[in-house]
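Hi,

Here is the structure I said I would pass on. Have a look at it first, and then read my notes below.

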Amino acid sequence: MTRKERLQAIDPKKVIVFDTETTGLNIGGSRRDEILSLAVMNLDGDVLFCDLLKPSERKKWPKAESINGISPSMVKDKQTIIERRSEIEPIFKSAKLYVAYNADFDLGFLRASGLDIPDRQTFDVMKEFAKIHGAWDGAHDEWSWCKLEDCAAFYGYRDFGAHDALNDVRATAHCFNSILDDFLFGEPRRRPKRVKDEFGDSYFKYGDEEFRSIVCSGYAASLADAGNANNAPLANENQQQTEHEKDSLSNQTTSNHAMPDHRNTNKALVLIGSACALVGLVIAVLGAAIVGVPIAILGALLAFGSKGRK
């Protein structure tokens, strides 16, 4: 069985998709952040858990609040995650496959909160999507991560109300199913080669760009730009951060994604040059060498010169 077939063979009720909203990014340490909201759904669409949770130590989280909209007053009468452990832990223990967007982040917070979350096969939609449609991030030596909004938009799922745990879970489930149906899923992908142009500038050369769309956080960035016209400066800054600000852990910049690509034009020039060289040779063979030889030389120079251009 292929990996896709093995994943699709798992009972949908045993596949859980989950997401958390938190007070910040610090999973551990003396200033650790806490979970404010948890949503869990199986692949059949049944919501297994969805509720706000009161932090046991944190009293305020203004930066996170500007992103997820969860205020201290909204959770002051809620139970802590430990008080709900009898509901949450059985869900994870009965699952055969975990699905999440940046699973390490969510699982890290769940375990740091004191829950007994067993190890299971995990499908990280963020990393799987990056391997299919991400640009290569040379600084971190891996495929660049995208925001959930970008991944979802690529598969036709837009305006779902990101940074709400249940909304994010539904978007993640959509992306999971779409990735399995993506004809590029499971295709071996080689890391691009770093090459230099005639000016000495280096860039990454992909061997399969004609088959893949490289997603560069464009849709999520446009949402953030649209919000800039209507929101306060602090909210504007935070809206442009990643899903839960999860992607910020990678410290990847937009420049890692931006890659000028003139390779299609170069291919056309190579073809034209090759054709000219062939025509010139034919003319020379037919007896008009004085005309054919220059044409063949010019065509060869055009073809070989275009191969090395950026």
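Which residues have the most contacts inside the largest nonpolar core? They are L97, V99, F123, V125 and I179, in a core of 39 residues. Keep in mind as you go that this is a predicted model. The elements that give two or more residues to this core are β1 (15-22), β2 (35-42), β4, α6, α7 and α8. Of these, α8 gives the most, with nine residues. There is also a second, separate core, made of 21 residues, and I91, A100, A103 and L107 are among them.

F123 is a good place to start clicking around. Leaving out residues up to four places away in sequence, F123 touches R3, L7, L97, Y98, V99, A100, E128, F176, I179, L180 and F185.

One of those partners, L7, is worth a stop too. L7 sits in helix α1. Is L7 buried or exposed? Its relative accessible area is 4%, so L7 counts as buried, the cut-off being under 20%. With the same neighbours in sequence left out, L7 touches L97, Q121, F123, L180 and F185. Q121 is a long way off along the chain: L7 and Q121 are 114 residues apart in sequence, yet their C-alpha atoms are 9.9 Å apart in space.

Next, helix α6, which spans residues 125-133. How many of its nine residues are buried? Seven are, so the helix is mostly covered. The buried ones are V125, M126, E128, F129, A130, I132 and H133. What lies over them? The cover includes α1 (3-8), β4 (97-100), β5 (121-124), β7 (142-143), α7 (148-154) and α8 (165-181). At the N-terminal end of α6, D124 acts as a cap, with a side-chain oxygen 3.1 Å from the backbone nitrogen of M126.

Last, something on the outside. Which residues make up a nonpolar surface patch of about 400 Å²? V293, I297, L298 and L301 do. L298 belongs to helix α13, residues 289-307. L298 has 60% relative accessibility, so it counts as exposed, because exposed means over 50%. That sets L298 against L7, which is buried at 4%.

If you want a route through the model, try F123 and its contacts, then the buried residues of α6, and then the patch that includes L298.

Cheers

Methods: Residues are numbered from 1 along each chain as its sequence is written. This is a predicted model: local features need pLDDT of at least 70, side-chain atom pairs count only at pLDDT 80 or more; totals for chains, interfaces and linings use all residues. Side-chain values use heavy atoms; hydrogens and water are left out. Buried means under 20% relative accessible area, exposed over 50%, partly exposed in between (1.4 Å probe, protein chains only). Helices (H or I, at least four residues) and strands (E, at least two) are DSSP runs, numbered from the N terminus. Contact means heavy atoms within 4.5 Å. A polar contact is a pair of N or O atoms within 3.5 Å; within protein, one must be able to donate a hydrogen and the other to accept it, and residues adjacent in sequence count only if both atoms are side-chain atoms. Patches are made of residues with over 30% relative accessible area and no salt bridge: like charges are joined within 9 Å, nonpolar side chains (Val, Leu, Ile, Met, Phe, Trp, Tyr) within 5 Å. Accessible areas come from the Shrake-Rupley method with a 1.4 Å probe; for residues, only the protein chains shown count as cover. A salt bridge is a side-chain nitrogen of Lys or Arg within 4 Å of a carboxyl oxygen of Asp or Glu. A nonpolar core is a set of buried Ala, Val, Leu, Ile, Met, Phe, Trp, Tyr and Cys residues joined through side-chain atoms within 4.5 Å.
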